[in-house]
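Biologist: I'm new to this one and would love a friendly tour. Could you walk me through it?

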Amino acid sequence: MRPETLALYHENQISEEVLRFGNAVLNGLHERFRDIDEVEEINALKVLKAMHEARISEAHLSGTTGYGYNDIGRDAIEQVFAGTFHTEAALVRPLIACGTHALAVALAGNLRPGDELLAVSGKPYDTLEEVIGIRPSRGSLREYGVTYAQVDLLPDSRFDYEGIRAAVNERTKLVHIQRSKGYSSRKTLGIDEIGRVIAFIKQIRPDILVMVDNCYGEFVETREPSDVGADMIVGSLIKNPGGGLAPIGGYIAGTRECVENAAVRLTSPGLGQEVGASLNCNRLFLQGFFNAPTVTAAALKGALFAAALYERLGFTVIPDSREARYDIIQAVTLGSPERIAAFCRGIQKAAPVDAHVTPEAWDMPGYEDPVIMAAGAFVSGASIELSADAPIREPYNVYFQGGLTWPSAKLGILTSLQCLVDDHLVTLPGNF
Ligand SMILES: *Cc1c(COP(=O)(O)O)cnc(C)c1O
């Protein structure tokens, strides 16, 4: 280590002891980092090929206002997403407010009264409970006569094939699979496993639609769920595929039929994909998608580093530092609200924006328990940026993600440890 590196970390309030411990942990990660670089390269090439095929030119970078008729940039971006994810079509819009909205539009557009929605990876992400009506809610699918059934994952986080076969009935219209663990302690699902369960479902009834909530999973592997049979993949542009530049937005990529069904729900029957101004988002969406494989790789390195570091300190981490990784989220079971607060304080202190504020737990709309969130982001709430969040509930897991760059992710993790050490909530091992 150069003396100036040590000095700069010191100026950033990292003690020599914490830095040396962190670097010792990093020494064991070189091979995993090389794998991440290789996946990044493959995904970057996929995006570039799709951009070349869509003949992206300067004219696509500017936006439209009002109705947005003939928004050639918007249409080209949708072609780039479809090309990269190997789907017939895509809906990529700033009018999609967030990931939950994208999922709600995909579901509402493709389900009709009397249909049943079947979740096969257990209870969906917290905010979808009200979309579906698992918790009674104004405007839920349930109010429109769409029923809901659920098959939990088995205790080892594998799909319950027998349970799925038993749950499918003549009303089953759409199967929901959530790739990432979200705020639960289960494992994230890999593409191979998702492909196997999709094949199984299609074998029971080929006309059942499969939608994968792809949030946090984009560009983590070299294939997406759409490469293994999903009819629709859905996600947020302030996570992986926005590359840190998209200021808002969501996407739905899939079969033409599914995407059109979603588009008429997003705008209006009869209008579909033809309207919806892109405002000033086209350049940011394109440049962000271009950056996304690289930004996702940086976030993955951060997640892996956090796993290895906290594992070495004796905490349970999901996934652990040797497991294959299928999303950018790292869960660390810290075991107490005090440790969660210190961890989040550290992440916040290292953020590029709002580093001087202290995060506190609050009752977020759509979530059942109070949530503490550390985020100092260029795009408000963007969790591809360095961030940590924790619902205040047993077993006191903190979910860490992001870092647009690897050095900023590294500083965030070291600062989280520094805060824990300073508060005497963690002691470093004697020799490392
Ligand atoms: C983030 C997330 C969502 C919801 O996205 P928002 O943009 O927060 O509305 C849905 N599912 C999963 C798995 C997520 O991680």
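**Around the ligand**

Modeller: Gladly! A polar side-chain atom of Lys239 lies 2.9 Å from an oxygen atom of the ligand. Please keep in mind that this is a predicted model.

Biologist: Why is the pair formed by Lys239 and the ligand called a polar contact?

Modeller: A polar contact is a pair of N or O atoms within 3.5 Å. The polar side-chain atom of Lys239 is 2.9 Å from a ligand oxygen, so the pair qualifies. Asp213 passes too, because its polar side-chain atom lies 2.6 Å from a nitrogen atom of the ligand. At Gly99 a backbone N or O atom is 2.7 Å from an oxygen atom of the ligand, so this pair also counts.

Biologist: How much of the ligand does the protein bury?

Modeller: The ligand exposes 380 Å² when taken alone, and the protein buries 91% of that. The space it takes is the largest pocket.

Biologist: Which helix gives the largest share of the shell around the ligand?

Modeller: Helix 5 (residues 99–110) does, with three residues. By type, the shell residues divide into five nonpolar, four polar and two charged.

**A glutamine in helix 11**

Biologist: Why is Gln348 called buried?

Modeller: Buried means under 20% relative accessible area; Gln348 has 2%, so the word applies. Gln348 has its place in helix 11 (residues 337–349).

Biologist: What does the side chain of Gln348 reach?

Modeller: Its side chain reaches the backbone nitrogen of Ala375 at 2.9 Å. The limit for a polar contact is 3.5 Å, so this pair is within it.

Definitions and conventions
Residues numbered from 1 in each chain as written. Predicted model: local features only at pLDDT ≥ 70, side-chain atom pairs only at ≥ 80, totals over all residues. Heavy atoms only, no water. Polar contact = N/O pair within 3.5 Å; in protein donor to acceptor, adjacent residues only side chain to side chain. Areas by Shrake-Rupley, 256 points an atom, 1.4 Å probe, with all protein chains shown as cover. 1 Å grid on protein atoms, 1.4 Å probe; cavity = no way out; pocket = protein on both sides within 12 Å on 5 of 7 lines; lining within 4 Å. Sits in = over half its atoms within 2 Å of the grid points. Helix = DSSP H or I, 4+ residues; strand = E, 2+ residues; numbered from the N terminus. Nonpolar A, V, L, I, M, F, W, Y, C, P; charged D, E, K, R; others polar. Buried < 20%, exposed > 50% of the residue type's maximum accessible area, 1.4 Å probe, protein only.
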